[in-house]
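Trainee: Can we go through this one together? I'd like to start with the domains.
Mentor: Sure. Take a look first.

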Amino acid sequence: MAYGRYLALRIINALIVLVVVIFVISALFNKVAEDQLKITIEEQVRGETRNPTFARMSAEKQKEFIAQRKEYYIHMYGLDKSYIQRVMDRTKDTLTLHFGKAHELRSPTGSKEVSTIIKEVLPRSILLFTTAGIIYSIIGILVGLKSAQRAGSSLDKGISIFALVSLSLPMWWVGMIFILIFAFKLGWFPASSYPLPQYENLLQYVGGVLYKMALPLITIVFVNFGGWAYTSRNLVIGILQEDFVMVARAKGVPERKVIYGHVLRAAAPSIVTLTIFTLLGSLGGAIITETVFNWPGMGRLYWAAIQMNEIPVIMGLTFVNIFLYLFAMVLADLVYGYLDPRIKVGVSGRV
Amino acid sequence: MRWEDLKQDIKNFLFEFRRQKIGIMGVILLVILLVIAIFAPVIATEGAKDNWRNMAYWDENPADAPPAWMNYFTGKDMSPHIIMDTYDEKIEDLGGGIKRDELTFNYDYKYDVPPTDLTFKAELIYYNAAKPPSINMVLLRPDGNTIKLYSKPSKTGKSEEDHYVAEVNVLVSASDTAKKEAYNFGREFETKDNLKKILSADFVDPMSVIFSKTEPGILLEEADPLKGNYKLIVDIYYFDKRDSTRSAKSIFAGKVYGLLGTDSNRRDLFKGVVWGTRWALALGLLTAVFSVGIGIAFGITSAYLGGWKDEFMQRINEAVASLPFLPILILISAVFKPSIWNIIILMSLLFWTGTAKVARSMGLQIKEETYIEAARCLGAGNRRIILRHMIPQVMPYAFANMALSVPSALLTEAGLSFLGLGDTTVITWGQILYGAQTAGATLRGLWWWVVPPGLAIAIVGLTFVMIGTALDTVLNPKMKRM
C-alpha cells in the first residue's frame with residue numbers, strides 16, 4: 001500500500017512540475033511563437049490571392065477580401081483572445097503535443113507538422129542512447145566491481161584517473177576526434193551516419209544501421225564508462241564493509257556469490273537509478289554529439305532548427321526533452337522504490 | 001571568528017593541502033592558465049581579439065595551414081609563412097613621362113614543399129586619374145629561367161586630395177597569366193604521357209611549377225623541388241613624375257603556419273585559443289561562484305526556516321532540478337541571443353539545485369547545535385543567525401563544490417557555442433569548434449583546428465576537478481565517510 005502511495009505521489013509531483021514549467025515557457029515565449037504565427041498567416045493569405053477570382057476583383061474588393069481572410073485566420077488560430085487565454089491555450093496544446101507547424105523544415109515524409117517531424121527522429125535518438133547506456137552501464141559495473149575488489153591496485157588508480165579526465169571531456173569533441181582518427185585517418189567507419197540504410201531485408205538493415213551507429217556508440221561508451229565505473233566502485237567499496245558481507249564470507253559463501261549475489265543486490269537500487277540518471281545527463285550532451293556524427297535523431301534536428309531559426313521546432317524539441325526527462329526521473333524513483341524494500345514498507349517513505 | 005583563529009585555520013589548511021599531490025598539480029595548472037589569460041595581449045596581440053570576425057584582417061595568412069612543427073614529424077620540409085617588406089628598389093626614367101620602378105624581393109627557397117601562394121601588396125599613389133600605374137610581375141629562378149606572373153594596369157584607386165591611392169593585392173593563385181605561363185613553361189619539360197593527363201592550364205598549380213626542377217612531372221607536382229635564391233621582380237610603370245609606391249610587401253604563404261596553424265578563414269588558431277582562455281576561466285569561475293552561492297543561501301535558509309516554508313522551498317528546488325538545462329538554455333539562446341554575461345546568469349540560475357540539497361541537509365544538523373540556540377536566546381535575528389553562524393559552517397563544502405562545478409559550466413557554454421548560439425562578440429573555444437564543424441574540419445582532416453580548443457576545455461575542466469577533489473578531501477573529511 002505504501003508503495004502505491006509513494007508511486008502516486010511521485011507521478012503527481014512530476015505532472016505538477018510539467019504543467020507549471022510548460023505554462024511558464026508558454027508565457028515567456030508566447031510573443032515569439034505568435035510573431036511566427038502571424039508570418040504564417042501572411043503567407044497563407046498571400047497564397048490565396050494567387051487564384052484567378054482574386055485577380056478579377058476590384059481593388060476595393062481585394063482589400064476587403066484580404067482583411068477578411070486575415071481576420072478569419074486570426075480567429076482560427078485564436079490570436080484575438082485575451083493574453084491569459086492564449087497562454088492557457090498554448091499550454092493545453094503543448095500538453096496534448098500540438099506544437100504547430102514548421103516554416104521550412106519538413107519531415108522525410110513531407111509533413112510540416114512539428115510533432116510529426118519530432119516523432120520521426122525520436123526513435124533514432126532513443127535507439128542510439130539506450131544502446132549506449134546499456135553497454136556502458138554493464139562495462140562500467142563490471143570494471144567498477146573489479147577495481148573495488150582490488151582497491152588501491154594500479155587498475156583501481158587507473159580507473160580513478162580516467163574517470164577524473166573523462167569528467168571534463170566534452171563528449172561531442174571526443175566524437176570529432178574519433179571521426180578524425182577512425183573515419184578520416186583509418187577509414188574504418190563512416191564519418192557521417194546520414195542517411196541511414198534503406199530497408200531491404202532484416203539482416204542487411206540491422207547490419208547497415210549498426211555500421212553507421214558504431215562510431216557514435218563507441219564515443220558515448222568511451223566518455224561515460226569511466227565515471228560510471230568510478231561511481232559503482234565507490235558504491236561497492238561501501239557495501240563490502242557491511243556486516244552482512246562479512247557474515248556471508250564467514251559462512252563460507254563462495255566469493256563470486258558474495259559479489260554477484262549479496263553485494264550487487266544491495267547496490268542494485270542505487271545502480272539502477274544512477275544508470276537512469278546518467279542516461280538523462282547524457283541526453284544533454286547527446287543533442288550535440290548527434291550533430292557531430294550527423295546521426296539523424298533529435299540532436300541533428302536541433303542543429304537544423306537552430307541554423308534555420310525554426311522557433312516552433314526548437315520549442316517542440318524542448319518540450320519533448322522536458323517530457324522525457326521528467327518521465328525518466330519518475331521511472332528512476334519507481335524503480336528505486338521497487339528495488340529498495342524499505343520504501344515498500346514505508347520505513348523511509350519520507351526520504 | 002577571531003583573526004588569530006582564521007590564521008591558524010588557513011595554516012592548517014595549507015599544511016594539509018600541500019600533501020595532496022593532485023591538488024598541487026591542479027594549482028600549478030591554474031597558475032599557468034591565469035598567466036596565459038592575463039598576458040593574452042602580449043602572447044596573442046590585441047588586434048587578434050578585436051578582429052577575430054573581421055576576415056580582411058587575416059588575409060595575409062595561408063588558409064588551412066597545419067602548425068609549423070609538423071615539419072619534425074612528416075620528414076618533409078614545408079615552407080613556412082614569410083612576409084617580406086624589404087626589397088631592392090631601382091627607379092629608371094624611360095622618357096616620354098614614363099618611369100619604371102623596379103622592386104626586387106629575394107626569396108631563399110630551401111624547402112621540399114612550395115608555398116601555397118604568393119601575394120604582392122602595395123599602395124600606389126598616382127596623380128593622373130586616367131592613367132593608373134601598371135604592374136608587371138616576374139619570377140627569376142635560380143636556374144636562370146623566368147616566369148611571368150602578372151601584367152595589368154592597377155585598378156583605379158580612391159581619390160585623396162590631389163592624388164589617388166590604389167591598393168594593389170596580386171595573388172598568384174588567382175592570376176590567369178601565372179597559370180598560363182607556368183603551364184607553358186612546364187610543358188616543354190613534360191613527357192607526352194604526362195601531358196595527356198592534364199586537361200588544361202586550369203589544372204596546374206603555378207606555385208608547384210615555379211618551385212620545381214625542370215624535369216618530367218613538373219606539371220603534376222611530382223618533380224623535385226628546385227632550391228636556391230629566387231628573385232621576385234615587380235616592375236611598376238608610372239605615367240606621372242610624382243607617382244610612387246609605398247608599403248610594398250610580398251607574402252610567401254606558408255604550407256605550415258605558426259604554433260597551431262590556421263583555419264579556413266586564415267585565422268591564427270594559436271591566438272584564438274589563447275584569447276579563449278580568458279572567457280573560459282571567467283565564465284567557469286563566475287558561474288561556479290554564483291550558482292554555489294545561490295545554492296548555499298537557498299539550502300541553509302530552507303533548513304533554518306523549517307516547516308511549510310522548508311517544504312515549499314524544497315518543491316521549488318525539485319522543480320528546477322527536474323529541468324533538462326541544456327534544452328532550456330538552447331531555447332532561450334535561440335530566441336533571445338543573449339550576451340555572454342546573460343549566459344553566465346542563466347547557467348547560475350539553473351545549476352544551484354544540487355548544492356542547495358546538500359546545504360539543506362547540513363543546515364538541518366547545524367540548526368540543532370546549542371550555539372544556534374544560544375544565539376537565538378541572545379536575541380539574534382534570522383538573518384544574523386543564517387549569515388554569521390550557519391553559512392560559515394558550510395563554507396568548506398561550498399569551496400570544494402565551486403571548483404567541482406566549473407567544468408560543467410564550461411562544457412555547457414562550449415556546447416551552446418558549438419551549436420552557434422554563443423555570444424559572437426567574444427572568442428570562446430566552443431565557437432572555434434563551431435567554426436570547425438561548419439567548415440567540415442573533421443572530414444577534411446584539419447586536426448589542428450579541432451584538437452587544441454577541445455583539449456583546452458578538457459585541461460581547464462581537469463584543473464578544477466583536481467583542485468576540487470583535493471579541497472574535498474582536506475576540507476570535508478566527514479563527507480568522505482557519508
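**Domains, shape and contacts**

Mentor: Chain B is divided into domain 1, residues 3-52 + 269-479, and domain 2, residues 81-253. Keep in mind that this is a predicted model.

Trainee: How far apart are the centres of domain 1 and domain 2 of chain B?

Mentor: Their C-alpha centres lie 55 Å apart.

Trainee: And which domains does chain A have?

Mentor: The assignment for chain A gives domain 1 (2-95) and domain 2 (118-309). Taken over C-alpha atoms, the centres of these chain A domains are separated by 41 Å.

Trainee: What about helices and strands in chain A, how many of each?

Mentor: Chain A has 13 helices and 0 strands. Read along the sequence, the pattern is α-α-α-α-α-α-α-α-α-α-α-α-α.

Trainee: What is the radius of gyration of chain A?

Mentor: Chain A has 26 Å. A compact globule of 351 residues would have a value near 20 Å.

Trainee: What does the C-alpha trace of chain A span along its principal axes?

Mentor: About 100 × 55 × 40 Å.

Trainee: New topic. How do people describe two packed helices?

Mentor: By the angle between their axes and the distance between the axes.

Trainee: Let's try that on α7 and α8 of chain A. Where do they sit, and how do they cross?

Mentor: Helix α7(A) covers residues 171-185, and helix α8(A) covers residues 202-240. Their axes come within 9 Å and cross at roughly 130°.

Trainee: Why are they called oblique?

Mentor: Angles over 145 degrees count as roughly antiparallel, and 65 to 115 as roughly perpendicular. The angle here is roughly 130°, so α7(A) and α8(A) are oblique to each other.

Trainee: Is the crossing left-handed or right-handed?

Mentor: The crossing of α7(A) and α8(A) is right-handed.

Trainee: Which residues meet there?

Mentor: From α7(A), they include M171(A), V174(A), F178(A) and F182(A). On the α8(A) side, L215(A), P216(A), T219(A) and F222(A) are among them. By class, this contact has 12 nonpolar, 2 polar and no charged residues.

Trainee: Now the two chains. How many residues does each give to the contact?

Mentor: Chain B gives 33 residues, and chain A gives 38.

Trainee: Which elements of chain B give two or more residues?

Mentor: They are α11 (325-336), α15 (382-418), α16 (429-438) and α17 (447-475) of chain B. The largest share of that side, 9 residues, comes from α17(B).

Trainee: And what is the side of chain B like by class?

Mentor: The side that touches chain A has 25 nonpolar, 8 polar and no charged residues.

Technical notes
Residues are numbered from 1 along each chain as its sequence is written. Chains are lettered from A and ligands numbered from 1 in the order in which they are written. This is a predicted model: local features need pLDDT of at least 70, side-chain atom pairs count only at pLDDT 80 or more; totals for chains, interfaces and linings use all residues. Axes are lines fitted to C-alpha atoms, for helices over the stretch in contact, and angles run from 0 to 180 degrees between N-to-C directions. Helices (H or I, at least four residues) and strands (E, at least two) are DSSP runs, numbered from the N terminus. Angles under 35 degrees count as roughly parallel, over 145 as roughly antiparallel, 65 to 115 as roughly perpendicular and the rest as oblique. A crossing is left-handed if the near helix is turned anticlockwise from the far one by less than a right angle, and right-handed if clockwise. Two residues are in contact if their C-beta atoms, placed from the backbone, lie within 7 Å. Ala, Val, Leu, Ile, Met, Phe, Trp, Tyr, Cys and Pro count as nonpolar, Asp, Glu, Lys and Arg as charged, and the others, Gly among them, as polar. Domain bounds come from an automatic or database domain assignment. The radius of gyration is taken over C-alpha atoms; the globule rule is 2.2 Å times the number of residues to the power 0.38.
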